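Thanks for asking me to look this one over. Below are my notes on the side-chain contacts, point by point, with the structure alongside for you to follow.

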Amino acid sequence: MVHEATWREVGRRLAAPALALGAAAALLVWLVASVWLDFIPSPLFAGLRRWAVPARLLAPGPPPAAGDLPTPPAWGLLLLAVLGIGAAAALWWAIQRAVPLRRVEGRVLILVLAVTAALGGILLCMPALPSGDVYSYILYGRISVLYHANPLVVLPAQFTHDPFLPYVYWRETRSVYGPGWLLASNALTVVAQALGGSAAVYVALYKLLALGCHLANVALIWGILTRIAPRRRLLGTLLYAWNPLALIEFAASAHNDALMLTCFLGGAYLISRGQEVAGLALWGLSVATKYVLLLLLPVWLWHMAAQVLPQVDETLARLWMRRAWAALWRAGVVLAAAAVLVVPFWYGPRTLLALANSPPAQSLQNSLSEMVSWPLRWLTVAATHSSPSRVRGAVITTLKLLGIAAFAAVGGWQLWRRARRDVLGAAGWVLLGYLVLASGWFWPWYAIWPLAVVALRPLDRLTRATVLLSNGVLLLYAFLPLTASPIFGLRAIVAFGPALGYLAWDWWRGRATGMRLPGGDVTAPVAARLGS
């Protein structure tokens with residue numbers, strides 16, 4: 001009989017990595033409070049700041065370009081990068097310490113949640129925000145609640161008198177978030193206004209919501225793994241719970257991806273308990289919060305359709321009709337749940353223009369495609385003598401189309417070869433493939449999407465590559481202020497390099513040793529099939 005580790009035993013084993021993560025978080029707060037790092041000033045714990053808010057940052061009119069703001073000190077950016085590397089190392093340390101713990105008692109979840117809450121609480125105290133998206137969330141909620149307008153139709157720049165407008169970067173962009181998130185923003189606006197409506201109250205509420213969702217996600221991952229793979233529940237939970245990227249993006253930046261993942265994981269938990277209709281409805285809420293889950297819906301639909309097996313003397317046409325129905329009714333539940341939330345914000349076809357006209361749809365940023373676009377644009381201008389602006393548009397469109405085509409090929413391969421037997425593996429590869437190939441517009445918090453999926457899987461090459469991606473993108477924050485430096489154009493290598501380098505090395509090792517199995521992993525795959 002395998003010994004079940006108590007929470008005290010687990011605590012002693014994980015104490016050192018947890019303290020290392022806590023030290024990294026505390027040093028990050030100290031660094032952000034000590035020097036200007038091109039972060040967005042936060043009204044929460046503003047008294048900790050030792051640097052003055054740059055006046056140009058809050059000036060009327062469009063937000064200033066990076067060249068119009070102070071240059072962060074080189075030692076500060078270097079220390080920021082070192083802290084990111086140190087936190088990533090502490091996470092890998094915790095993972096390695098957790099690998100031998102195959103059976104742990106249920107009270108260990110309380111220990112993991114307590115440490116996660118403590119780490120998040122430290123980062124919540126940062127007097128600056130790595131991302132200013134929270135101010136867009138705040139203004140979209142105020143547009144709905146205070147000005148009775150539709151954030152999917154009107155521009156933030158139209159509300160020139162709103163005190164939050166100077167903090168908003170995307171002033172000429174309609175909300176690109178779904179109605180589920182807009183309804184959550186409306187609720188927080190009502191609460192914030194009831195508490196006085198100060199900027200500190202608003203930011204605190206959004207941070208607490210994101211951190212609360214992160215803790216809920218930790219509990220959901222634990223619950224799912226308890227049902228489908230109890231021997232991995234500590235390892236998978238730690239992989240997500242203590243990941244430095246997730247802690248920073250949720251506790252420090254308050255990104256709405258936390259709520260999207262709560263709906264996704266909540267749906268997966270219900271499905272693992274056999275409550276598929278309720279779980280699919282929650283997935284609809286996830287789609288209505290942020291549209292990422294639409295990438296995974298075909299994976300689940302094909303997986304469930306493939307579970308419909310032929311009956312005795314059944315024709316092929318009849319079999320595929322039953323499989324089509326198995327996929328269609330599930331898609332209908334997800335889309336119907338999402339559509340219900342669209343109704344309060346629907347304003348005809350104009351409602352969808354925000355997505356088509358958004359910067360992610362028209363530009364490249366921080367991605368491998370953007371890194372390639374610069375030399376490609378220079379070569380095209382030199383060869384054709386065309387205007388740079390015209391070449392820029394053509395190159396961006398071409399690279400986006402090529403990326404989408406490459407992603408479609410990867411997604412189709414995963415659907416055909418993997419989704420039928422390993423739905424979580426296919427979902428993880430689809431999200432990772434989207435970020436590497438098709439997401440021309442990329443920001444660090446996007447890497448948390450596949451992280452929540454692979455936390456439910458074995459510690460194989462997909463899981464390792466995803467964790468390496470979440471570690472690598474942390475370093476983007478040390479590169480983003482260096483817009484005038486030649487090294488700025490290579491930031492995508494820093495973000496994606498560790499994950500892609502590992503995959504290339506693993507592929508080469510598999511070819512050299514002949515150990516690779518048909519499923520694509522060096523070790524035998526474990527298909528954690530939710531609902532199968």
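1. Let me begin with a tyrosine. Tyrosine 135 has a relative accessibility of 1%, so this residue counts as buried. Please keep in mind as you read that this is a predicted model.

2. Where does the ring partner of tyrosine 135 sit? A search of the whole structure turns up 24 aromatic pairs. In one of them, tyrosine 135 is stacked with tyrosine 167, at 4.7 Å centre to centre and with 25° between the planes. This pair links distant parts of the chain, 32 residues apart: tyrosine 135 belongs to helix α4 (residues 133-145), while tyrosine 167 is in the loop between α4 and α5 (179-194). Tyrosine 167 counts as partly exposed, because its relative accessibility is 29%.

3. Here is another pair to display. The ring centres of tyrosine 147 and phenylalanine 159 are 4.9 Å apart and the planes meet at 20°, so this pair is stacked too. Both residues lie in the loop between α4 and α5, so the contact ties together parts that are 12 residues apart in sequence. Buried or partly exposed: which word fits tyrosine 147? With 24% relative accessibility, tyrosine 147 counts as partly exposed, whereas phenylalanine 159, at 10%, counts as buried.

4. Some aromatic residues gather in a group. One aromatic cluster is formed by Tyr169, Trp170, Trp441, Phe442, Trp443, Trp445, Tyr446, Trp449 and Phe496.

5. Two arginines are worth viewing against their tryptophan neighbours. The charged end of arginine 49 sits over the ring of tryptophan 51, 5.2 Å from the ring centre. Likewise, arginine 323 lies over the face of tryptophan 320, with 4.9 Å to the centre of the ring.

6. Now for the charged pairs. Side chains of opposite charge can pair when their charged atoms come close. The count here comes to 11 salt bridges. One of them joins arginine 330 to glutamate 276, with the closest N and O atoms 2.5 Å apart. The two residues are 54 apart along the chain, so to speak across distant parts of it: arginine 330 is in helix α12 (residues 316-342) and glutamate 276 in helix α10 (residues 276-289). Both arginine 330 and glutamate 276 are buried.

7. How far apart are the closest N and O atoms of glutamate 105 and arginine 107? The distance in this salt bridge is 3.4 Å. Glutamate 105 counts as buried, because its relative accessibility is 12%. Arginine 107 has 48%, so this partner counts as partly exposed.

8. A further salt bridge stays inside one helix. Aspartate 506 and arginine 509 meet at 3.1 Å, N to O. Both lie in helix α21 (residues 491-513), 3 residues apart, which is about one turn of the helix. Aspartate 506 is buried, with a relative accessible area of 1%, and arginine 509 is partly exposed, with 30%. Elsewhere, Arg418, Asp422, Arg457 and Asp460 are joined into one network by salt bridges that share partners.

9. Finally, a look at the surface. Leu27, Trp30 and Trp75 form a nonpolar patch there, and their accessible area together is about 320 Å². Tryptophan 30 is placed in helix α1 (residues 7-34). With a relative accessible area of 39%, tryptophan 30 is partly exposed.

Key. Residues numbered from 1 in each chain as written. Predicted model: local features only at pLDDT ≥ 70, side-chain atom pairs only at ≥ 80, totals over all residues. Heavy atoms only, no water. Patch = residues over 30% accessible without salt bridge, like charges linked within 9 Å, V, L, I, M, F, W, Y side chains within 5 Å. Areas by Shrake-Rupley, 256 points an atom, 1.4 Å probe, with all protein chains shown as cover. Salt bridge = Lys/Arg side-chain N within 4 Å of Asp/Glu carboxyl O. Helix = DSSP H or I, 4+ residues; strand = E, 2+ residues; numbered from the N terminus. Buried < 20%, exposed > 50% of the residue type's maximum accessible area, 1.4 Å probe, protein only. Phe/Tyr/Trp six-rings, centres within 6.5 Å; stacked < 30°, edge-to-face > 60°. Lys NZ or Arg CZ within 6 Å of the ring centre and 35° of its normal.
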